[in-house]
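Visitor: Hello! Could you walk me through this structure, one step at a time?

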Amino acid sequence: MCGIIGYVGAQQASPILLNGLSKLEYRGYDSAGIAVYDGQALNVKKAKGRLKNLIDITKNGSEPTGTIGIGHTRWSTHGRPSDINSHPQTSGTGNVAVVHNGIIENYMELKEFLISTGVKFISETDTEVVAHLFEYYYDGDLLSTMQKVMERVDGSYALGILCKYHPDTIIAVRKESPLIIGLGNGENFIASDVAGILNYTRDIYYIDDKEIAIVKSGSVEIFDMYSRKIEKEIFHVDWDIEAAEKGGYEHFMFKEIMEQPKAVLNAISPRIKDGRISLDISLSPDELRGFDKLYIVGCGSAYHVGMVAKYIYEDMLRIPTVVQLASEFRYSNPIIDKRTLVIVISQSGETADSLAALREAKRLGATIVSIVNVVGSSIAKESDHVLYTWAGPEIAVATTKAYSTQLACIYMFALFMADSLGKISEEEYIAFIHALLKLPEDLKTVLELKEVTQKLASYYFNAKHIFFIGRNIDYAISLEGSLKLKEISYTASEAYAAGELKHGTISLIEEGSPVVALMTTEKLFDKMLSNIKEVKARGASVIAVTLDNARDISDEVDHVIKIPYIHPMMEASLAIVPLQFFSYYVASMRGCDIDKPRNLAKSVTVE
Ligand code: M6R
């Protein structure tokens, strides 16, 4: 989604803003802009389309000149992508410039009010009301003006504001949308995420909801809504900028697929001590016994991880487990109380629907465990317990290594609970630990499938529609494989529980329809074979993903991809890798923008 950057210091702001915006490109955007104070006025440059257009109109950042500025990459919500709708948005006099992530929900009402005072609007955005409101309420003091604006606006926002009357200051504020302050030497920054400022500093403040930061070159002061000063701890970012660079690969997605063995090792190895799971979670066996239901919520791939988890948790723990899309959860009147343990899964830790689900579950009395990648994110901060996935920065919009590390955390939490609740024999426990420790090596083995999947992609990249089928955990993997393919290659794709095909979907199968059949659930191998025969009889071309110790079915299908046997509950981790490669190569052969697919954003911070 949108990205924010801001700079105040002694250097020229424009090149720093453009550099910061380039690091935020991965979030997804359709236009970009900057505003810089040039000693006389706020000078705004903005352009629809890729950042390259903004770089061109600013002559590679050589103008506007000035040492304070704000910048933005916009992902349209209110108003189509256009130069005018791009941010910064300004007040009528041009003396206030605003960049905004989020949605001002009551903007229509505010717009009507402002129009009644004589204000003229030029854009279709919700953000423009903030610029006009700021000018309207301006009383000579930035803090009190900001507070008055915040009292009027509803919705979610991270805002960076420049006001000509205070040409040495950026005002930064957030509510339900991430914002950080980067601390430099004689210079300071604001950004919507760490990647934007990592070239300049690693010391940051996390801004919390409704906190207002007054940022100057030599100072950063943070206040609450009642003008009380807040002391913040400096957080030192310990990952390198290289981790957020492509490192010789053509795409972040490919790099991140290849990083999976290491990422999973990072997630697992510090948490297995002397052959036992040791989690940084302080839930005692007594507390765990108090839960009679598990709820798992997430969006997109995180939800698919939850689907895998449901099969494992119900089987291993015998506790009813509901997995629900976070966007549905919040409006479904869920049956939750203090005996419910809610697991929220999110790479970014900022997904608006997942955060709202967490808050609703908390309000209903549930205990929250979250599985999150981004340290210090809102979901992590608001949970009772956090299991960080430690996957490192994930830049490609399509998640790969975050998905894999989320699965690893799901396995470890299952084992932690089963052990605490006495639901697993010592023999089974040791077998599971053994499989966990082996997982990074097995992931390296499945990375070798890249050539095979590239070849398969060359057969099918022109297909209009590709189906994925599976049963049990294989069904959950099918959903993820299908989503990967859709999001980056724009190929229409559906995932079906294989047994459900004959209840309607099989009518879509025709001569040559590609069907990817997941067959890693040993106990359902023969059932899957029957479903394969059903689609083959209607002309489908079948790619089967099987275990390397499974019965040979090469005569029954068109292609077989074999993955190592690991543990019946952990096959998702290996089976997904060839599907990630397949999507990647199909997208590449179709000439798609793999890391930044159209219409998508890395972190969905609006509802
Ligand atoms: O940051 P989150 O894990 O909360 O994001 C959830 C989804 O938006 C995300 O998994 C999305 O579906 C990915 N683009 C899938 O590759």
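Visitor: In which sense do strand E2 and strand E4 pair, and over how many bridges?

Guide: Good place to start, and please keep in mind that this is a predicted model. Strand E2 covers residues 31–37 and strand E4 covers residues 68–74. One position to look at is Gly33, which stands opposite His72 in E4. The two strands pair in the antiparallel sense, over six bridges.

Visitor: Which strands stand at the edges of the open sheet?

Guide: Let's follow the strand order, E3-E2-E4-E1-E10-E9-E11-E14, which makes an open sheet of eight strands with antiparallel pairing. An edge strand here has a single partner strand, so one side of it is left without a neighbour in the sheet. That description fits E3 (42–48) and E14 (235–236).

Visitor: What angle does the direction of helix H1 make with that of E1?

Guide: Helix H1, residues 13–24, packs on the sheet. The strands it touches are E1 (3–8), E2, E4 and E10 (188–191). With the direction of E1, that of H1 makes an angle of about 155°.

Visitor: How are helix H3 and helix H4 oriented to each other?

Guide: Their axes come within 10 Å and cross at roughly 45°. The crossing is left-handed. Angles from 35 to 65 degrees count as oblique, so H3 and H4 are oblique to each other.

Visitor: How many residues of the contact of H3 with H4 are nonpolar?

Guide: From H3, the residues taking part include Tyr107, Leu110 and Phe113, and they meet residues in H4, among them Val129, Leu133 and Tyr136. The contact also has one polar and one charged residue. The nonpolar ones number seven.

Terms used
Residues are numbered from 1 along each chain as its sequence is written. This is a predicted model: local features need pLDDT of at least 70, side-chain atom pairs count only at pLDDT 80 or more; totals for chains, interfaces and linings use all residues. Side-chain values use heavy atoms; hydrogens and water are left out. Two strands pair if DSSP finds at least two bridges between them. Helices (H or I, at least four residues) and strands (E, at least two) are DSSP runs, numbered from the N terminus. Contact means heavy atoms within 4.5 Å. Axes are lines fitted to C-alpha atoms, for helices over the stretch in contact, and angles run from 0 to 180 degrees between N-to-C directions. Angles under 35 degrees count as roughly parallel, over 145 as roughly antiparallel, 65 to 115 as roughly perpendicular and the rest as oblique. A crossing is left-handed if the near helix is turned anticlockwise from the far one by less than a right angle, and right-handed if clockwise. Ala, Val, Leu, Ile, Met, Phe, Trp, Tyr, Cys and Pro count as nonpolar, Asp, Glu, Lys and Arg as charged, and the others, Gly among them, as polar.
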